[in-house]
Amino acid sequence: MEGAGAGAGFRKVRCCDLPVADAGGLAGCSQELVSRLLHLHFKDDKTKVSGDALQLTAELLKIFVVEAAVRGVRQAQAEDALRVDVEQLEKVLPQLLLDF
């Protein structure tokens with residue numbers, strides 16, 4: 001993409017170029033953290049989540065965050081912005097939620 005913001009440290013990124021398992025430190029997103037997040041929204045304190053469900057939820061969370069970042073970068077590029085800001089993420093969030 002050529003333009004005012006194209007040479008400002010941006011490069012085109014495809015989703016498949018990002019190492020999802022190691023994307024931006026998200027590999028450290030532990031199952032304990034995911035378990036705590038899930039339990040914050042359970043009505044019954046005795047609800048349990050299996051290890052497989054935690055692993056799957058952690059992986060889905062990683063993919064969701066990486067996809068949000070990629071879409072935010074693309075939105076910032078389209079606006080010739082020098083950085084991804086909350087405004088770009090707010091613009092891509094509705095479609096991202098529909099896609100997931």
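## Close-up views of helix H2 and the salt bridges

**Figure 1. H2 is covered in part by its neighbours.** The cover over the buried residues of H2 includes H1 and H3. The model shown here is predicted. Eleven names need not be learned at once; start with a few. Among the buried residues of H2 are Leu54, Ala58, Val66 and Val70. Charged residues are on the list too, including Lys62, Glu67 and Arg71. Gly72, Ala76 and Gln77 are also buried.

**Figure 2. The length of H2 agrees with its residue count.** H2 has 28 residues. At 1.5 Å a residue, the expected span is 40 Å. The C-alpha atoms at its ends lie 41 Å apart, which agrees. After H2 comes Asp80. The phi of Asp80 is positive, near 55°.

**Figure 3. Lys62 and Glu59 form a salt bridge within H2.** Their side chains meet with N and O 3.5 Å apart. Both residues belong to helix H2, which covers residues 51-78. Three residues separate them in position, about one turn of the helix. Is each partner buried or partly exposed? Lys62 is buried, at 12% relative accessibility. Glu59 is partly exposed, at 30%.

**Figure 4. Arg71 and Asp99 form a salt bridge between two helices.** The closest N and O atoms of this pair are 2.7 Å apart. Arg71 lies in H2 and Asp99 in H3 (residues 86-99), so the salt bridge ties together parts that are 28 residues apart in sequence. Arg71 is buried, with a relative accessible area of 19%. The cut-off for buried is under 20%, so Arg71 falls on the buried side. Asp99 is partly exposed, at 43%. Which residue joins this pair in a network of salt bridges? Glu67 does: Glu67, Arg71 and Asp99 are linked. Glu67 is itself one of the buried residues of H2.

**Figure 5. Arg36 and Glu32 form a salt bridge within H1.** Their closest N and O atoms are 3.3 Å apart. Where do the two residues sit? Both are in helix H1, residues 31-40. They are four residues apart, so about one helical turn separates them. Arg36 is exposed, with a relative accessible area of 57%. Glu32 is exposed as well, at 52%. How many salt bridges does the structure hold? The total is five.

Key:
Residues are numbered from 1 along each chain as its sequence is written. This is a predicted model: local features need pLDDT of at least 70, side-chain atom pairs count only at pLDDT 80 or more; totals for chains, interfaces and linings use all residues. Side-chain values use heavy atoms; hydrogens and water are left out. A salt bridge is a side-chain nitrogen of Lys or Arg within 4 Å of a carboxyl oxygen of Asp or Glu. Buried means under 20% relative accessible area, exposed over 50%, partly exposed in between (1.4 Å probe, protein chains only). The expected span of a helix is 1.5 Å times one less than its number of residues. Contact means heavy atoms within 4.5 Å.
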